[in-house]
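Thanks for coming, everyone. Let me put the model up on the screen, and then we can walk through it together.

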Amino acid sequence: MFANDTIIAAATPKGAGALAILRISGHDAFEMFTKMIAEKEKFDSAKPFTTKLYTIRNEREVLDEVMAIKYVAPKSFTGDDMIELTCHGGSIIVERLIQYALEIGMRYAGRGEFTQRAFLNGKVDLKKAESINRIIHAESVTAHRTAVRHYLGEERQFFDAMRNDLIKMLVALETEIEFSETDDVGEEAAFTAQIAELLGKIERDFTKELKKREVLHQLDKGVSVALVGQANAGKSSLMNMLVGYDRAIINSRAGTTRDLITETCLIDDIKVQFVDTAGLNETDDEIELEGIRRTRGAIDEAEILLWVVDGSQPFPKHDFNLIPRDKPLFGIVNKNDLGDCAEAKSVFADHKIPVLPISAINGEGREIVIEAVKTVLLEKFSDMEYETAIGSEREAGIIRRMLAEIEEVDLAYSPEIVAESIRALVNGFDEIYGKNSPDDILNKLFSDFCIGK
Ligand SMILES: Nc1nc2c(ncn2[C@@H]2O[C@H](COP(=O)(O)OP(=O)(O)OP(=O)(O)O)[C@@H](O)[C@H]2O)c(=O)[nH]1
Ligand SMILES: [Mg+2]
């Protein structure tokens with residue numbers, strides 16, 4: 001790959017839209033772009049960051065009228081000369097403009113190549129580059145929020161403080177190595193204690209961050225809330241009520257739902273995945289049996305269980321064997337419109353399972369179920385517990401390696417060896433931000449980005 005040959009790509013997704021954006025970056029960007037437009041003078045005299053209207057035409061015809069911004073190196077996203085042009089948003093237009101640019105001598109950009117250039121030109125560090133990708137692909141509010149924070153560099157302080165402390169220790173260790181005549185045992189012990197304290201703090205902080213990342217990962221996937229209970233209890237009716245449309249088939253026949261049906265909602269910005277399941281009744285039907293097997297899997301995977309019973313029927317006590325009590329569980333007493341449902345309410349209450357009376361058929365009780373789920377979510381995921389400085393699996397890997405390094409450090413060893421370990425830790429911090437990252441790792445990382453990014 002040439003360092004700054006001129007590349008082009010669409011920065012917007014394929015398909016018809018009002019507008020599309022093309023990005024051009026490279027040493028000859030301006031010269032090549034002026035070959036594509038009718039208004040060379042206008043572009044040449046345009047000031048940096050100004051947007052102007054240009055006509056793109058080839059020898060035969062006009063291809064489009066575009067608005068183009070001129071970015072003069074190094075004040076651009078990539079650090080090279082850049083043009084960002086907005087054309088009409090049809091896939092044929094975009095294709096023809098790119099084709100024309102290629103004929104003029106530009107090259108089609110590889111995945112993530114714009115960001116890779118920004119990184120190589122020192123415009124962004126690796127963590128920031130990765131956070132751009134995470135902002136684009138965030139699938140939950142929390143993932144988006146942390147990605148933006150990392151983009152803004154808000155976590156930098158956390159890593160920098162530790163790195164600076166390590167550097168100080170390293171300097172002191174190196175002084176000690178050089179002038180090791182001082183035999184003050186007390187002083188030496190105090191210094192060793194200082195190192196031990198610092199390493200202990202890093203270890204604790206890192207372990208905490210890794211845990212938070214795990215929670216964040218769970219939030220990204222969505223918190224699973226399973227609706228379980230006997231056939232005909234009204235699980236699918238509740239599912240539809242919760243998600244607000246007819247997601248699952250409802251029928252008076254027992255065994256209507258056979259497969260897991262999932263639907264995602266946001267509750268207080270937290271992604272929740274409701275899972276409707278097959279009824280836990282006894283059956284010889286092979287398909288229903290498979291459904292029940294899947295229900296068991298969903299029960300295992302769920303973070304919160306909604307145990308739905310038909311309040312007008314005798315309480316299915318044997319289901320206590322199937323429904324675990326080691327995770328948040330609510331007793332949904334459905335079909336309140338058919339009577340007082342006293343038995344169901346008292347059995348749940350006797351077992352200290354919070355009772356939520358509803359009538360799914362009439363759409364009554366949605367709020368209390370949502371509120372109950374929300375209470376658990378807020379308890380489990382209160383804000384400070386999952387915002388983490390670790391942005392990606394790459395970083396998590398570096399941090400796990402650093403933790404292993406800390407574990408290996410034996411302060412009884414000679415200062416030379418301890419200094420070596422501390423140097424390795426400092427390198428770890430640098431690696432998080434992409435200093436000394438090997439080329440193959442960088443290439444792999446940027447190839448996960450989209451074209452045009
Ligand atoms: N009266 C009354 N009937 C209800 C209520 N909720 C559901 N039903 C009826 O109960 C029957 C079963 O409802 P579903 O939602 O399909 O029950 P399910 O638990 O999903 O059943 P399976 O999928 O077979 O396990 C349907 O005929 C619903 O109309 C309710 O609140 N009151
Ligand atoms: Mg059902």
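Let me start with a small puzzle: is I368 buried, partly exposed or exposed? It is partly exposed, because 16 other C-beta atoms lie within 10 Å. The cut-offs here are 20 or more other C-beta atoms within 10 Å for buried, 12 or fewer for exposed, and partly exposed in between, with C-beta atoms placed from the backbone. I368 sits in helix 12, residues 366-380. Its C-alpha atom is 8.5 Å from that of P357, with their positions 11 residues apart along the chain.

A word on the ground rules. This is a predicted model, where local features need pLDDT of at least 70 and side-chain atom pairs count only at pLDDT 80 or more, while totals for chains, interfaces and linings use all residues. Residues are numbered from 1 along each chain as its sequence is written, and chains are lettered from A and ligands numbered from 1 in the order in which they are written. Helices (H or I, at least four residues) and strands (E, at least two) are DSSP runs, numbered from the N terminus.

Now the overall layout. The chain is divided into domain 1 (7-111), domain 2 (134-218 + 392-433) and domain 3 (222-384), with bounds from an automatic or database domain assignment. Taken over C-alpha atoms, the centres of domain 1 and domain 3 are 55 Å apart.

Next, please look at the open sheet of six strands. Its order is 3-4-5-2-1-6, and the pairing is mixed; two strands count as paired if DSSP finds at least two bridges between them. At the edges are strand 3 (51-57) and strand 6 (107-108), each pairing on one side only. Inside this order, strand 2 (residues 17-25) and strand 5 (residues 82-89) run antiparallel over eight bridges. There, A20 stands opposite C87 of strand 5.

C87 is worth following further. Beyond its neighbours within four places in sequence, its contacts (C-beta atoms, placed from the backbone, within 7 Å) are A20, L22, D64, V66, I93, V94 and L97.

That leads us to the largest nonpolar core, meaning buried Ala, Val, Leu, Ile, Met, Phe, Trp, Tyr and Cys residues joined through C-beta atoms within 7 Å. It has 50 residues, and I8, L22, I24, I83 and C87 touch the most other members. Helix 14 (residues 415-432) is the biggest contributor, giving five residues. Domain 1 and domain 2 each supply at least three residues to this core. Apart from it there is another core of 41 residues, including M239, A298, F348 and A360.

M239 brings us to R247, in the loop between helix 9 and strand 8. R247 contacts M239, N240, I261 and E263, again leaving aside neighbours within four places in sequence. R247 is partly exposed because 16 other C-beta atoms lie within 10 Å.

Strand 8 (residues 261-267) then pairs antiparallel with strand 9 (residues 270-276) over seven bridges. T262 has V275 as its bridge partner. The two strands make a hairpin with two residues between them, and D268 in the turn has a positive phi of about 50°.

Finally, what surrounds ligand 1? There are 23 residues around it, with G234, S236, T257, G279 and I361 the closest; the cut-off is a C-beta atom, placed from the backbone, within 6 Å. Helix 9 (residues 235-243) provides the largest share of this shell, three residues.

Note on methods:
Contact = placed C-beta atoms within 7 Å.
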